[in-house]
Structure formats: C-alpha cells, structure tokens
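The following paragraphs lead through a structure step by step, from charged pairs to a pocket, a surface patch and two unusual backbone angles. Please keep the sequence and the model in view while reading.

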Amino acid sequence: DRAEALRLGDRLAVLIGGRIRQVGAPEEVFATPVDEEVAAFVGIETIAPGRVRSLERGLAVVDVAGEAVEAAVTAQPGSDVLVCLRPEDVVLSPAQDHTGPTSARNHLPAVVRRILPAGPHVRVELDAGFSIVALITKQSLEELSLGPGSRVIASFKATAVHLIPHRPRP
C-alpha cells in the first residue's frame, strides 16, 4: 500500500519481478524513481519520452512530442529522458480562461480523452500531443464542466517534473 509506505516507512525497497529495483527513504523513492517500472509502481501516471533541448538558469527544457516542458533539474542538452509527472501535480483550467502569470512554468493546451472515477477523486486522461493524467475532485469536474472533447490547459510546476535517463528502443 503506497499511502501506508509513505506514512509508516523509514526505508522502502521496491521489488519488481523478484529483483530489488530501488531502496531509499519513501519520499525519495516516490519523488525520484530510478526507472520507468519503478515510476509506474509508485503511482506516476504520466511517463513520456523526450529530449533535453537546453539547460538555462536551473531549468531543463525538454521537447516532448513537440511541446516544451520545463523541469527544475539538471540534464545534459541532447540527452533522451522520460518525463515523469504525478497526476495530483496537474492543475486543469478552461482553455479560454488561462491568463496572467503563475508560479507554474508549464501550461499545455490539451483535450480531455477520458474521465474515470478514482474513489473520492476523478482521473482525467488528456491528450497534449502526449498523454497526461490529472487527478481532480468531483467538484472541480462539475465546476469545469469537463467531458470527453473538452479543451483545457494542463498546468504544472517545473519542480513537479522528474526526469529519468532513457534509451529509446530502435
């Protein structure tokens, strides 16, 4: 149980396929998984391949399906990475209402593909040129009048993005 591991554990070992894949403090493992399988295991639902365009003022700019995603990490320009984002870190707003600066560095236009119940919340699957998953409240779903085909802006902070080095398959 992920929530229990975060609450109670001092050290966490992720075991996949009979092999220990990562060991560390629960916060560390959940925030900085070492590979794609560990990322999925700890609840990261947006995992997209990208290539680092540049590194400027402590922000890596990553090309993900033609979109620029800023990440507050150090990464080598030209390197291939997996962009990882937890669904609870994505904020949705109506496409027509996005105005003014915010502390979130990333604001991507997206289209709602699917909406799925997730206990007291709702999983919203988006297409922003690549798949993004957001976790929002049922009240937010109603207030935003979201449904399949709705146009939104998916926003998230650069500090919410984790990059994993990646070798694309030939």
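**Charged pairs, a pocket and the surface**

Arginine 86 and glutamate 88 are joined by a salt bridge in which the closest N and O atoms lie 2.8 Å apart. The model in which this pair is found is a predicted one, and the two partners can be described by their computed exposure. Arginine 86 has a relative accessible area of 18% and is therefore classed as buried, the limit for that class being under 20%. Glutamate 88, with a relative accessible area of 42%, is partly exposed.

Both members of this pair reappear in the description of the largest pocket, since Arg86 and Glu88 are among the residues nearest its centre, together with Arg2, Gly43 and Glu45. The lining of the largest pocket comprises 13 residues in total, and the volume of this pocket is about 210 Å³. Sorted by class, the lining holds seven nonpolar residues, five charged residues and one polar residue. Helix α1, which spans residues 2–8, makes the greatest contribution to the lining of the largest pocket, supplying three residues.

How many salt bridges does a search of the whole structure find? The search returns 10, and among them is the one between aspartate 80 and arginine 51, whose closest N and O atoms are 2.9 Å apart. This pair connects distant parts of the chain, for aspartate 80 belongs to strand β6 (residues 80–85) and arginine 51 to strand β3 (residues 46–56), with their positions 29 residues apart in the numbering. Aspartate 80 has a relative accessible area of 21% and so counts as partly exposed, and arginine 51, at 45% relative accessibility, is likewise partly exposed.

A further salt bridge is formed by aspartate 127 and arginine 113, where the closest N and O atoms are 3.3 Å apart. Here too the pair links distant parts of the chain, with aspartate 127 in strand β9 (residues 121–127) and arginine 113 in strand β8 (residues 106–118), 14 residues apart. Aspartate 127 is partly exposed at 30% relative accessibility, and arginine 113 is partly exposed at 46%. Beyond these pairs, Glu45, Arg114, Arg123 and Glu125 are joined into one network by salt bridges that share partners; Glu45 is also one of the residues nearest the centre of the largest pocket.

The surface also carries a nonpolar patch, formed by Leu15, Ile20 and Val23, whose accessible area together is about 290 Å². Within this patch, isoleucine 20 is located in strand β2 (residues 19–24). Isoleucine 20 has a relative accessible area of 56% and is therefore classed as exposed, the limit for that class being over 50%.

Where, finally, does the backbone take a positive phi at a residue that is not a glycine? Arginine 57 has a positive phi of about 50° although it is not a glycine, and this residue is found in the loop between β3 and β4 (59–64). With a relative accessible area of 84%, arginine 57 is exposed. Alanine 65 likewise has a positive phi of about 50° without being a glycine, and alanine 65 lies in the loop between β4 and β5 (67–71). At 51% relative accessibility, alanine 65 counts as exposed, because that class begins over 50%.

Note on methods:
Residues are numbered from 1 along each chain as its sequence is written. This is a predicted model: local features need pLDDT of at least 70, side-chain atom pairs count only at pLDDT 80 or more; totals for chains, interfaces and linings use all residues. Side-chain values use heavy atoms; hydrogens and water are left out. Patches are made of residues with over 30% relative accessible area and no salt bridge: like charges are joined within 9 Å, nonpolar side chains (Val, Leu, Ile, Met, Phe, Trp, Tyr) within 5 Å. Accessible areas come from the Shrake-Rupley method with a 1.4 Å probe; for residues, only the protein chains shown count as cover. A salt bridge is a side-chain nitrogen of Lys or Arg within 4 Å of a carboxyl oxygen of Asp or Glu. Helices (H or I, at least four residues) and strands (E, at least two) are DSSP runs, numbered from the N terminus. Buried means under 20% relative accessible area, exposed over 50%, partly exposed in between (1.4 Å probe, protein chains only). On a 1 Å grid over the protein atoms alone, a cavity is a set of points where a 1.4 Å probe fits but cannot get out, and a pocket is an open set with protein on both sides within 12 Å along at least five of seven lines; lining residues have an atom within 4 Å of a point. Grid points are joined across faces, edges and corners, and a volume is the space filled by probe spheres set on the points. Ala, Val, Leu, Ile, Met, Phe, Trp, Tyr, Cys and Pro count as nonpolar, Asp, Glu, Lys and Arg as charged, and the others, Gly among them, as polar.
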